[in-house]
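Here is a colleague's note on the structure shown below. Please read it with the model open beside you.

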There are 2 protein chains.
Amino acid sequence: MKRPRARLRDVAEAAQTSTKTASRVINGDERVSAATRARVEQAVVELGYRPDPLARSLRLGQDETIGVVVDEVGDPFFASVIGEIERMALDRGVSVIIASTRRRAERERIVLDGLFQRRVAGLIIASISDDHAYLRTSSCPLVFIDRAAEDLAADAVVVDDRGGARMAVEHLMRHGHRRIAYIGDRLSTATARYRLAGYRDAIEAAGIAFDDDLVAQVEPAKGDAGVAVEALLRMTDPPTAVFSANTRCSLGSLPTIHRLRRTDLGFISFGDFAMADTLTPAITIVDHSPEAIGRLAAERLFSRLAGDEPPVETILAPLRVVPRGSGELAPEVTA
Amino acid sequence: MKRPRARLRDVAEAAQTSTKTASRVINGDERVSAATRARVEQAVVELGYRPDPLARSLRLGQDETIGVVVDEVGDPFFASVIGEIERMALDRGVSVIIASTRRRAERERIVLDGLFQRRVAGLIIASISDDHAYLRTSSCPLVFIDRAAEDLAADAVVVDDRGGARMAVEHLMRHGHRRIAYIGDRLSTATARYRLAGYRDAIEAAGIAFDDDLVAQVEPAKGDAGVAVEALLRMTDPPTAVFSANTRCSLGSLPTIHRLRRTDLGFISFGDFAMADTLTPAITIVDHSPEAIGRLAAERLFSRLAGDEPPVETILAPLRVVPRGSGELAPEVTA
DNA sequence: CACCGCTGTGACATCGATTACCTCGTCTCG
DNA sequence: CGAGACGAGGTAATCGATGTCACAGCGGTG
């Protein structure tokens with residue numbers, strides 16, 4: 001075990017053949033005689049040879065690595081997505097490079113650029129940008145998650161944002177609410193737009209006038225959700241229930257709701273979070289299943305990497321309402 | 001923008017010089033005349049040249065990439081740690097490869113092996129294994145997180161597990177509790193051992209007899225924490241408070257405590273989690289600060305990569321009790 | 001018997017950047 | 001005036017694996 005690492009050349013020498021033939025054996029080329037193959041295989045074992053992935057990648061022009069680009073690695077939703085992707089990648093011996101955009105389009109370009117520079121084999125992207133022209137010539141398969149790329153024909157794994165939001169709001173309505181607030185990101189992502197549209201769908205389908213004052217759009221990074229929900233509750237004609245369009249907003253607004261002791265408020269969250277079922281009342285959610293999204297995205301990517309060429313598709317991850325209490329509270333009968 | 005990518009040779013040709021000189025300019029070698037330097041720099045800009053990291057890594061025998069190995073990427077604690085590391089890496093243009101061990105020592109070896117094979121520049125590891133002999137000859141800097149390597153002189157960023165646990169239990173005692181249960185991982189990691197030791201320190205320092213029946217050690221992956229806490233509460237002489245030795249156990253046991261409507265129970269958690277401050281009562285914690293751990297570990301690693309050679313050190317990340325309610329409940333005065 | 005095609009093999013170029021080593025002036029100093 | 005130092009820059013080898021292509025040997029075929 002003195003030698004730091006065995007090279008293909010060492011294997012070839014030990015097997016008394018050329019590097020090319022050794023390479024053939026290792027890459028499973030058929031055209032090698034049984035005797036030579038056996039010698040090479042033995043040499044590989046004896047020397048503990050493992051091909052250098054860097055050299056291999058350089059020659060092949062492609063790295064056995066996939067890139068995952070998300071808003072923020074620490075976000076629980078993306079953490080779960082990444083966890084699932086990494087699990088599947090590890091089974092295939094593929095490394096995962098992660099990068100976060102901090103929700104800034106220019107950062108997205110930089111990190112994607114870096115990943116292309118590294119010649120990743122494939123990419124899974126939660127894109128923040130609207131403009132994907134620079135990805136059009138991408139030489140590796142792309143799978144979008146959470147938000148589809150509208151200006152690019154590429155696979156995507158998303159949830160039915162509009163339908164899910166509508167489902168959530170209708171759930172509140174079934175329990176008697178008519179005045180329902182919306183709280184979501186100000187961010188102009190497609191996801192945010194769709195969820196707001198779904199909220200509106202439900203409101204209007206119920207014959208209720210859409211009230212702009214009930215819609216709060218806040219900065220995702222700051223603690224504005226709490227402020228916003230407090231303002232909503234202080235209205236002259238306050239909502240009896242809140243639809244939180246994403247997990248961050250739920251995490252931001254619930255502490256305030258509890259501080260104000262307004263746990264009588266109807267509440268439904270698009271996206272689950274830890275302890276949602278342990279709060280009092282437990283929080284009714286529309287289940288996102290980040291694991292399912294990660295799995296579906298990774299499956300699609302690996303399938304393309306394996307050479308499959310299924311038609312480009314936007315896959316809808318399953319979505320369902322999980323009633324836990326907060327979404328089933330009837331509105332208070334107040335003046 | 002026709003050419004897929006410019007190579008150093010293209011730059012050299014455009015600047016009417018050799019690759020060697022172009023390389024000198026790019027790598028900031030002084031021995032180049034101003035005129036030549038200017039020509040090369042212009043060519044770089046015009047061609048949009050960016051060195052190929054793969055080729056560079058191959059030649060240098062080292063990759064501009066760091067590896068991060070944790071139990072599970074989806075774990076909120078590690079997700080935050082990774083988020084912070086990735087943030088610092090991105091600022092330096094370093095890629096981050098992540099891999100999870102699933103808490104299995106044999107997996108740890110496999111993923112570490114893969115990372116070494118890739119010639120990562122440095123590693124940050126939450127090691128699950130006790131045996132680090134195979135890391136002794138590691139050619140790249142290592143920084144351990146969460147758990148120090150006891151059999152290896154390497155940097156580590158950990159929290160004062162024993163002191164923190166003692167602090168937590170003493171906090172409960174200050175509020176009148178004498179019968180305090182411990183719930184933690186069965187896993188034989190140093191972390192778990194230290195925290196149990198800290199619990200014992202506090203108990204014995206208070207002159208209370210250590211009662212083995214109050215110690216529950218559960219499987220981390222399963223939902224055993226809930227079962228265990230239920231068993232504790234059903235004892236003939238039940239505890240009045242619980243010290244949960246980690247976030248997973250807190251997340252596992254709190255739903256059960258709430259289901260049993262035992263929110264009168266004293267509770268303190270080693271490690272924060274989302275919504276801990278929104279539960280009723282809010283959960284008192286010993287703050288871990290995963291971000292601080294990630295930052296300190298990354299700082300140390302980058303400092304070594306920059307050539308600094310500070311003495312090997314185990315850095316203690318800050319730790320403090322954050323009172324929120326559940327840890328300040330007085331014991332019920334029962335028979 | 002000459003030729004074709006197939007199999008197993010290896011010498012050599014290649015991927016793109018770095019570097020050991022060399023060349024060619026010019027400048028300095030004894 | 002010649003030796004040696006030094007600055008600027010080039011040539012070719014190198015990192016490790018793989019693709020190109022040529023070649024030898026063999027069996028079959030018209």
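The numbered points below go from the pairing of the chains, through the DNA surface, to the sheets and some backbone details.

1. Status of the model. This is a predicted model. Please keep that in mind for every value in the points below.

2. How the two copies are related. Chain A is superposed on chain B by a rotation of 180° with 0.0 Å of shift along its axis, and the RMSD is 0.1 Å. The two copies are thus related as by a two-fold rotation axis. To find this axis from chain A, start at I97(A): its C-alpha is the nearest one of the chain, 2.2 Å from the axis. Both copies use the same surface, since 100% of the contact residues of chain A recur in chain B.

3. The contact between the chains. How many residues of chain A are in contact with chain B? There are 38, and they meet 38 residues of chain B. On the side of chain A that touches chain B, at least two residues each come from α4, α5 (76-91), β2 (95-100), α6 (105-117) and α10 (247-259) of chain A. The largest share of this side, seven residues, belongs to α5(A). Sorted by class, the side of chain A that touches chain B holds 20 nonpolar, eleven polar and seven charged residues.

4. A strand pair across the chains. β2(A) pairs with strand β2 (residues 95-100) of chain B. The sense is antiparallel, and the pairing runs over three bridges. Within it, I98(A) stands opposite V96(B) of β2(B). Just beyond this strand, R103(A) lies in the loop between β2 and α6 of chain A. R103(A) is not a glycine, although its phi is positive, at about 65°.

5. The surface near DNA strand D. DNA strand D is surrounded by 25 residues, and the closest are L8(A), A55(A), S18(B), T21(B) and T36(B). Which helices each supply at least two residues of this surface? They are α2 (19-26) and α4 (53-60) of chain A, together with α2 (19-26) and α4 (53-60) of chain B. α4(A) gives the largest share, five residues. By class, the surface near DNA strand D has eight nonpolar, nine polar and eight charged residues.

6. Two helices of chain B. α2(B) packs against helix α3 (residues 34-47) of chain B at an angle of about 85°, with the axes 10 Å apart. The two helices, α2(B) and α3(B), are therefore roughly perpendicular to each other. On the α2(B) side the contact is made by T21(B), A22(B) and V25(B), and on the α3(B) side by T36(B), R37(B), V40(B) and E41(B). By class, this contact has three nonpolar, two polar and two charged residues. Two of its members, T21(B) and T36(B), were met in the previous point among the residues closest to DNA strand D.

7. The sheet of chain A. An open sheet of six strands runs in the order β7-β6-β8-β9-β10-β12 in chain A, with mixed pairing. Why do β7 (215-218) and β12 (320-322) of chain A each have one side without a neighbour in the sheet? They stand at the edges, each with a single partner strand, so one side of each is left free of a neighbour in the sheet. On average, neighbouring strands of this sheet are turned by 20° against each other, direction ignored. Strand β10 (residues 284-287) of chain A pairs with β12(A) in the antiparallel sense over three bridges, and D287(A) has R320(A) in β12(A) as its bridge partner. Helix α7 (residues 161-174) of chain A lies across β6 (180-185), β8 (241-244), β9 (266-270), β10 and β12 of chain A, running at about 165° to β9(A).

8. The sheet of chain B. Chain B also has an open sheet of six strands with mixed pairing, in the order β7-β6-β8-β9-β10-β12. Strand β8 (residues 241-244) of chain B pairs with β9(B) in the parallel sense over four bridges, and V242(B) stands opposite F267(B) of β9(B). Helix α8 (residues 190-205) of chain B packs on the sheet and touches β6 (180-185), β8 and β9 of chain B, its direction making about 175° with that of β6(B). Helix α9 (residues 224-233) of chain B also packs on the sheet, touching β6, β7 and β8 of chain B.

9. Cis peptide bonds. In chain A, a cis peptide bond joins T280(A) and P281(A), with omega at about -5°. P281(A) is found in the loop between β9 and β10 of chain A. In chain B, T280(B) and P281(B) are joined by a cis peptide bond, with omega of about -5°.

Conventions. Residues numbered from 1 in each chain as written. Chains lettered and ligands numbered in written order. Predicted model: local features only at pLDDT ≥ 70, side-chain atom pairs only at ≥ 80, totals over all residues. Near = placed C-beta within 6 Å. Nonpolar A, V, L, I, M, F, W, Y, C, P; charged D, E, K, R; others polar. Axes fitted to C-alpha atoms, helices over the stretch in contact; angles between N-to-C directions. Parallel < 35°, antiparallel > 145°, perpendicular 65-115°, else oblique. Contact = placed C-beta atoms within 7 Å. Least-squares fit on C-alpha atoms with pLDDT ≥ 70 in both. Pairing = 2+ DSSP bridges.
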